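Me: Hey, can you walk me through this structure? I'm new to this, so plain words please.

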Amino acid sequence: MTTPTPSPASPASADTASLAVDMRSIVKAWPGVVANDHVNFEVRRGEIHALVGENGAGKTTLMNILYGLIRRDAGDIFVNGKLAHIQGPRDAIALGIGMVHQHFMLIPVLTVGENIVLGREPTTAGDIYDAARVRQEIGELSRRYGLTLNPDDKMGDLPVGLQQRAEIVKVLYRGAEILIMDEPTGVLTPQETTELFHVLRGLRAGGKTIIFISHKLKEVLDISDRITVMRRGKVVGHLITATTTEQEIARLMVGRDVLLRVDKAPANPGPVALAVEGLTAASDSNVPALRGVSFEVRQGEILGIAGVEGNGQSELIEVLAGTRKASSGRVLLGGKEITNLSARAIRSRGISHIPEDRRGAGLVLNYSVADNLVLGRQRSARFAWNGFVLMLNAILAWAKRLIAEFDIRTPTPETRARALSGGNQQKIIVAREMASEPLVLLASQPTRGVDIGAIEFIHRRIVAQRDHGVAVLLVSAELDEIRSLSDRIAVMYEGRIVSFEAAETPEERLGLLMTGGGRADAAASKVAG
Amino acid sequence: MATPSAPTTERTASADTPTPLSRVIAYLRPMGTPLGSVLFAFVVGAIVVVATRGNALLAYESLACGGFGIFCQNGENTALQLSNTLVFTTPLILTGLAVAVAFRAGLFNIGAEGQLVMGAIAAAVVGIKLGTWPALILLPSVLIAGTLAGAAYGGLAGVLKAVTGAHEVVTTIMLNYVALWASRYLIIGGPLQAPGAFNASPPVAAGAQLPRLVPLNNNLLFGLPQSVFTAYTGIFVSLFGAAIYFFIMRRTALGYEITAVGQSQRAARYAGISVRRTIVVTMLISGAFAGLAGAVVLSGLSHSLVDTYFQDTTGFDAIAVSLLGQNTAIGVVLAAILFGALHAGGQVMEADAQISHNLVFVLEALVLFSLAANFLRTFKFRLPAFGRSPTQPAELEAQDVVVGAADEPG
Amino acid sequence: MNALLIILGLFKSPDVYHSTLTYGTLLLLPALGGVISERSGVVNIAMEGMMLTGAFFAVVADLAWHNVWLAVLVAIIAGGFMALIHAVVSIRYHADQIVSGVAINIVAAGLTVFLLNQFYGVQEIGSVAPQFLIPNIKVPVLDAIPFIGPIFFEQNLVVYIAIILLVAINIILFRTRLGLRLRAVGEHPSAADTAGINVYTLRYGAVIASGLLSGLAGAFLSIGLSNTFVPNMTDGRGYIALAAMIFGKWTPLGAFAACLIFGLGQAIYDNTSIIPISPYFLSMLPYILTLVVLAGLVGRSIPPAADGIPYEPGNE
């Protein structure tokens, strides 16, 4: 059964009683977009069922409906063969459904124990919180599922992997038989992912049903029994893991064969534009994020930084852009030191930055497209007389030019950026950062959450910048993107560049390097981590 | 999400060729929420009056009479009422701008009253101590002194916020009390007390006084001696202030940056804008407007520093003025006229309808509730988010409100 | 120097300690209200207005029914009603909580004088005096302890109640299930919601509780301490309570300690007739002190994470 069954799948294939979850013809529309369009979703008892799709395909919406966080517009939900009336999380919990959210639902200032029992706290007489019983019950759960945790630790002090473990224990404590895991590996290190999969298999052996949401196909193939694929709010395929391939899932997810090849001429690198020497920096939570990073980017070259998210890429870009301080090391732009200058100074020296958080950091969403197109350059001689009085006509003319040149689909230059699609919002940033004619372009996840058309456009533009002589530093979580755009690839792992590779390096080798393998000294770096 | 750009383009095909009607609607739309809020306030206010056995119709008629000289029952003089309204409106425009500029940066300046008092103190000191200077120099000095003192006082809250993170709401409340007690201290047994007065300073020199709109004598004007028309040229200072505000917010890189910080500190920081510096500069400007208000009232109306402890509410009314005016220059002026008229009308209401002028504060609070809660929901209107979560971008106004046009070029 | 000696001299008599405790308690009640409200995630700068409303309606009820207990009850309900408005506007309608708080304070200041006028025909300079007052209670035996007795055991009834409430609220907040849930709601409402806790119910309860406590404080002020209602008689005490709550790092005991410091300031101020410093100058000091402490609290006083952010489900 390698071909996808047509949607909607016939429910006759499985006997209804053996289904843990049976969602029928679920509809949910937001203003302007149908997130779930008559979705049918079946999960058998005791299986690990993967729900896959691109960002925005409607996976999380569907699961939030199942968990009662979002009201559906239409459709029925059956849990264990019975029609379920889910009005809120409380109803879902009562039905034995638990959800581990992508963004953890944990309270940093409370203890692990308090977090786990929240909502079902054991009490003694007079509503007094019974800490002793909490310890005892969590201890039991921990032992049964091999999930060691200290209930008295403060949640905020735990590493991400343990926080997720607490989330799982929290769900189990509520007596969940059906666990929804929303993109659980996005924040994990490879080791933590391995551990998580071990735990999930243990839970399955213990009779639990698991819904595993992901867009990482390798993981899906590794962990799941069956797969449901969503695209643009619809279910486009039901697959059996054992008999499918990565290519098949990818084709269903994207709707055509993905071949993110970018036509580009060989690079013609010039002198070194950006040099980084022994850079170290701390993360927001004040743990070392960069542990001595060194590399060079030449003019007319794209250096791609490959790595699992959370290995220091974000911090590296922030240090280079001037929004995070380096604790040691140097950054040189054209041979001149720019380490720890302000964001404004770095910008004015010719470093452009496409930030990874488009809506939060790249745009003022309530500003017009035109205003966003001058963000960061509002005091430049081009747009402001004496750096103070804005020249509105110049700004408007500039905006019109960039809107045409970068094909930004906006009704008018005065339209608010908020009203545009993700792809067009990203084009505003790309246009602004490229049009300032930088020496160095920092591009962080430049196509995340953007539609295919915009992806191709942005890719072409990045290559054009390179051909124009700009030094491009590209960070992306998408290995395909890194491989198709980069002239050289630097692999980042746990705050270090572990290897420089050629663009043609096979994906397998990069994958190995990204997860700390593939090098003679890999073992050493694991210990250091 | 996939590509919702198609419908967007479609919807705006007509917007590219605006009809005269659609233009008028576009101009009137931002007034929907404020006008609705005022209506809401008057309806609920009427219920309060009736519930306490008052005559709501009579109350509102006398309010209108006192504010605009219309619907008068007892032969009040229209010109006099308008003059009184102008007296209240003059400083309200400036304090309204003070609060508005802070709102633009996502800051809540509850301290306009304190900054106003500090401005008045500085203006009084200059106007009294340097009274021998020629008017041509003295009068500007008085106004500038008030502006600078207010700026310094507002800037203090800005520095506390930028450097130590102390929330401006709490610090400005505390600074209000400090200023009010300081002014009391100065004029009751302190260095500025006038000989023989209980709680007032001596008047400032004649050259330090803003002239009245009509000369102070007993010639008849609209059937009344000219001396009763207390409206003064401070209104021009206020309108000039509104023009400055308009210019800063709409035409300068500074205004662009202030609004950017208010909308999204993160985006501002990434764009190389110093958030701390912008906060301090905003509070300096905010305090400057409020301080100028204090100087204007002192120079044009009271002439000496008097005890205003909670009798004067100009700095607090400013919050309602700026919110009702949706933080735009024109809106603030219009809202200041409305509240000026309400305060002036309150006095007539007290005389004609025997209803305390404090009803005006009830109406003001109802306007605030209605604006903040957006009971009408016709238009989306949001205040800056004062939370600390950087993931929730602040929204000064939502798309529908064209107020944002003030930030848009062209 | 002379003034300082006179002030130091005050500390020899139990009176100043007695007054410190009395005034500290007056601030403690709204401060506790603030702690509860903000712990649930609703910023509350409206204790001032709720207290003022309570003070006014205590006198109204006192004069209407000639019963002090009824008067206290009415004051508490009046404070709670103002809080209910704040709750509806900021929880149900997701309003900005500071604007709502400002509006509550304005409406309280305006409405009390408006009603004073409507009910008694008094212009605002005037005042209305209640007939029956909340009694002072001497605790038998204990009040005979030298020095200590007069300080702790000859207080107004409300002082004893406030101390009991302080202990109770501290236990509820940090030792009970209810308290755990309240704190969870204020830190991370979605987490609480997904755990099946009703965020709205808890927030409503917490905000209304802050009004009940502030209303009681208002009654204490008008028919316990001052024996009169005058316009604006709270005179910023609700704001001082707010500051005390921040100093106390959003904990009941911390807030109480801060309230006692402010109470001491007021106790010293009571003796201005013998201190050769302008009383107006002295009046500035608590506010300056507040500013200095606020500035010095850099990064050490962190409010609940969701404080001030309206909760809209499914908006994660």
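Reply: Sure, starting with one term: accessible areas come from the Shrake-Rupley method with a 1.4 Å probe, and for residues only the protein chains shown count as cover. Also keep in mind that this is a predicted model.

Me: OK, so how much accessible surface does chain B have?

Reply: About 15200 Å², and carbon and sulfur atoms account for 68% of that.

Me: And how much of chain B is buried?

Reply: Chain B has 410 residues, and 61% of them are buried.

Me: What secondary structure does chain B have?

Reply: There are 15 helices and two strands in chain B. As for contacts in chain B, take those between residues at least 6 apart in sequence: 71% of them join residues at least 24 apart.

Me: Switching topic. How many disulfides are there over all chains?

Reply: Just one turns up in a search of the whole structure. B:Cys65 and B:Cys72 form a disulfide, with 2.1 Å between their sulfur atoms.

Me: Is that disulfide right-handed or left-handed, and why?

Reply: Right-handed, because the torsion about the S-S bond of B:Cys65 and B:Cys72 is about 95 degrees.

Me: Are those two cysteines buried or exposed?

Reply: They split. B:Cys65 has 0% relative accessibility, so it counts as buried. B:Cys72 comes in at 26%, so that one counts as partly exposed.

Me: Now salt bridges. How many are there over all chains?

Reply: The search finds 33 of them over all chains. In general, side chains of opposite charge can pair when their charged atoms come close.

Me: Show me one in chain A. Which side chain does A:Glu318 meet?

Reply: A:Glu318 meets A:Arg324 in a salt bridge, 2.8 Å from N to O. Both A:Arg324 and A:Glu318 are buried.

Me: Got another one? Which residue does A:Arg330 pair with?

Reply: A:Arg330 forms a salt bridge with A:Glu337, at 3.2 Å from N to O. A:Arg330 counts as partly exposed because its relative accessibility is 35%. A:Glu337 is also partly exposed, at 43%. There's a network here too: salt bridges link A:Glu277, A:Arg330 and A:Glu337.

Me: What about A:Arg379, which residue does it bridge to?

Reply: To B:Glu257, and the closest N and O atoms are 2.7 Å apart. That pair crosses between chains. A:Arg379 sits in the loop between α12 (369–373) and β19 (384–385) of chain A, while B:Glu257 is in helix α10 (residues 253–263) of chain B.

Me: Buried or exposed, those two?

Reply: A:Arg379 is partly exposed, with a relative accessible area of 24%. B:Glu257 is at 0%, so it counts as buried.

Me: I also clicked on A:Arg416. Where is it, and what does its side chain reach?

Reply: A:Arg416 is in the loop between α13 (392–405) and α14 (422–435) of chain A. Its side chain reaches the backbone oxygen of A:Asn366 at 3.3 Å. A:Arg416 is buried, since its relative accessible area is 6%.

Me: Let's do sheets. In what order do the four strands of the open sheet in chain A run?

Reply: The order is β14-β13-β16-β17, with antiparallel pairing. β14 (288–298) and β17 (336–337) of chain A are at the edges, each with a single partner strand, so one side of each has no neighbour in the sheet.

Me: What holds strands together, generally?

Reply: Strands of a sheet pair through backbone hydrogen bonds, either parallel or antiparallel.

Me: How many bridges are there between β13(A) and β14(A)?

Reply: Eight, in the antiparallel sense. One example is A:Leu279, whose bridge partner in β14(A) is A:Val293. β13(A) and β14(A) also make a hairpin with five residues between them, and A:Asn286 in the turn has a positive phi of about 65 degrees.

Me: And how many bridges between β13 and β16?

Reply: Five: strand β13 (residues 272–282) and strand β16 (residues 328–333) of chain A pair in the antiparallel sense. A:Val276 stands opposite A:Val331 in β16(A).

Me: Last one: where is A:Gly237?

Reply: A:Gly237 is in strand β12 (residues 234–240) of chain A. At 0% relative accessibility, A:Gly237 counts as buried. From A:Gly237 to A:Met253 is 16 residues in sequence and 8.9 Å in space, C-alpha to C-alpha.

Conventions. Residues numbered from 1 in each chain as written. Chains lettered and ligands numbered in written order. Predicted model: local features only at pLDDT ≥ 70, side-chain atom pairs only at ≥ 80, totals over all residues. Heavy atoms only, no water. Salt bridge = Lys/Arg side-chain N within 4 Å of Asp/Glu carboxyl O. Buried < 20%, exposed > 50% of the residue type's maximum accessible area, 1.4 Å probe, protein only. Polar contact = N/O pair within 3.5 Å; in protein donor to acceptor, adjacent residues only side chain to side chain. Contact = heavy atoms within 4.5 Å. Pairing = 2+ DSSP bridges. Disulfide = S-S within 2.5 Å.
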